[in-house]
Amino acid sequence: MTAKTPEPASWGELRASHADRDAVVERLREAAAEGRIDLAELDDRLEQALTAKTFADLAPLTADLPRAVSVVDPGEPLVLKGGFHGASRTGRWEVPAHITAHGGMGGVRLDFTRSECRLPEVAVEVYGEMAGVTVVLPEEWAADSTGVATGLGFLKDKTTAERRPGTPLIRLTGSTGMAAVVVRHPNARERRLLKRERAK
């Protein structure tokens, strides 16, 4: 009696290798950094990836994620000059990779709370000059203001160290000049306005 030849295993039944598991783990970590999955979900999926035995175990873990991350256009650099009357960038706007703000005699206000930003990091050069520069960031964003030099003026960074995965880091350089460079999250009044807008 002739022995029956085993049927070839389907793709899902094939055993996953260490390299296969590592590739899924890396993609999951990237997805968390991009803000596609939260940290609790990341932990759950990582545990499943590390204990997966077959491709069928691994496939669902990244099925709802894009296969490749597109390169984000850095956009045209933005330059704001306070001049005599001041300058601001508020409301809805697309954040470029590089911003320069000169306080002049009127001051500059950079408000990121309603902006669109797909970049992992944004370089912001601030020069307080006579009237200063104010930078307002969403609660979940973080800033690094260690690159700002203080002269006759002062630097006030009121942002928290917390940064949600997938949100940009605002890296500030420059100098305070004779005024102030203030980096903060929205105040109580601004938070109320944002909440009202989102409720519409």
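Two strands count as paired here if DSSP finds at least two bridges between them. Keep that in mind as you walk through this predicted model.

**Stop 1: strands 8 and 10**

Start by selecting Asp-157 and Val-183. Val-183 sits in strand 10 and is the bridge partner of Asp-157. Now widen the selection to strand 8 and to residues 180-184, which make up strand 10: the two strands run parallel and are joined by 4 bridges.

**Stop 2: the rest of that sheet**

Next, bring in the neighbours. Strands 2, 4, 6, 10 and 8 line up in the order 2-4-6-10-8 as an open sheet of 5 strands, with parallel pairing. Which strands stand at the edges? Colour residues 87-89 (strand 2) and 154-157 (strand 8): each has a single partner strand, so one side of each has no neighbour in the sheet. Looking across the sheet, you will find a twist that averages 5° from one strand to the next.

Zoom in on the strand 2 end. Strand 2 runs parallel to strand 4, residues 108-111, and 3 bridges join them. Show Ser-88 and you will see Arg-109 of strand 4 opposite. Moving one strand over, strand 4 pairs with strand 6 in the parallel sense, this time over 4 bridges. To find your place there, select Leu-110, which stands opposite Val-135 of strand 6.

**Stop 3: the other sheet**

Now hide that sheet and select strands 1, 3, 5, 9 and 7. They form an open sheet too, with 5 strands in the order 1-3-5-9-7 and parallel pairing. At its edges are strand 1 (78-81) and strand 7 (142-149), each of which pairs on one side only. Here the twist from one strand to the next averages 15°.

For a closer look, select residues 169-175, which are strand 9. Strand 9 pairs with strand 7 in the parallel sense over 6 bridges. One pair to label is Ala-142 with its bridge partner in strand 9, Leu-169.

**Stop 4: a salt bridge**

Select Arg-114 and Glu-197 and show their side chains. These two residues form a salt bridge, with their closest N and O atoms 2.9 Å apart. Arg-114 belongs to the loop between strand 4 and strand 5, while Glu-197 is in helix 4 (residues 188-199), so this pair ties together parts that lie 83 residues apart in sequence. The model's salt bridges come to 14 in total.

**Stop 5: a nonpolar patch**

Switch to a surface view and pick Phe-84, Met-105, Met-130, Leu-152 and Met-178. Together they form a nonpolar surface patch with about 670 Å² of accessible area. To place one of them, follow the chain to Met-130, in the loop between strand 5 (121-127) and strand 6 (133-136).

**Stop 6: helices 1 and 2**

Finish with residues 18-33 (helix 1) and residues 39-50 (helix 2). Their axes come within 9 Å and cross at roughly 175°, which means that helix 1 is roughly antiparallel to helix 2. What meets what between these helices? On the helix 1 side, show Arg-21, Val-24, Val-25, Leu-28, Arg-29 and Ala-32; on the helix 2 side, they meet Leu-42, Arg-45, Leu-46, Ala-49 and Leu-50.

Conventions: Residues numbered from 1 in each chain as written. Predicted model: local features only at pLDDT ≥ 70, side-chain atom pairs only at ≥ 80, totals over all residues. Heavy atoms only, no water. Axes fitted to C-alpha atoms, helices over the stretch in contact; angles between N-to-C directions. Patch = residues over 30% accessible without salt bridge, like charges linked within 9 Å, V, L, I, M, F, W, Y side chains within 5 Å. Areas by Shrake-Rupley, 256 points an atom, 1.4 Å probe, with all protein chains shown as cover. Salt bridge = Lys/Arg side-chain N within 4 Å of Asp/Glu carboxyl O. Parallel < 35°, antiparallel > 145°, perpendicular 65-115°, else oblique. Contact = heavy atoms within 4.5 Å.
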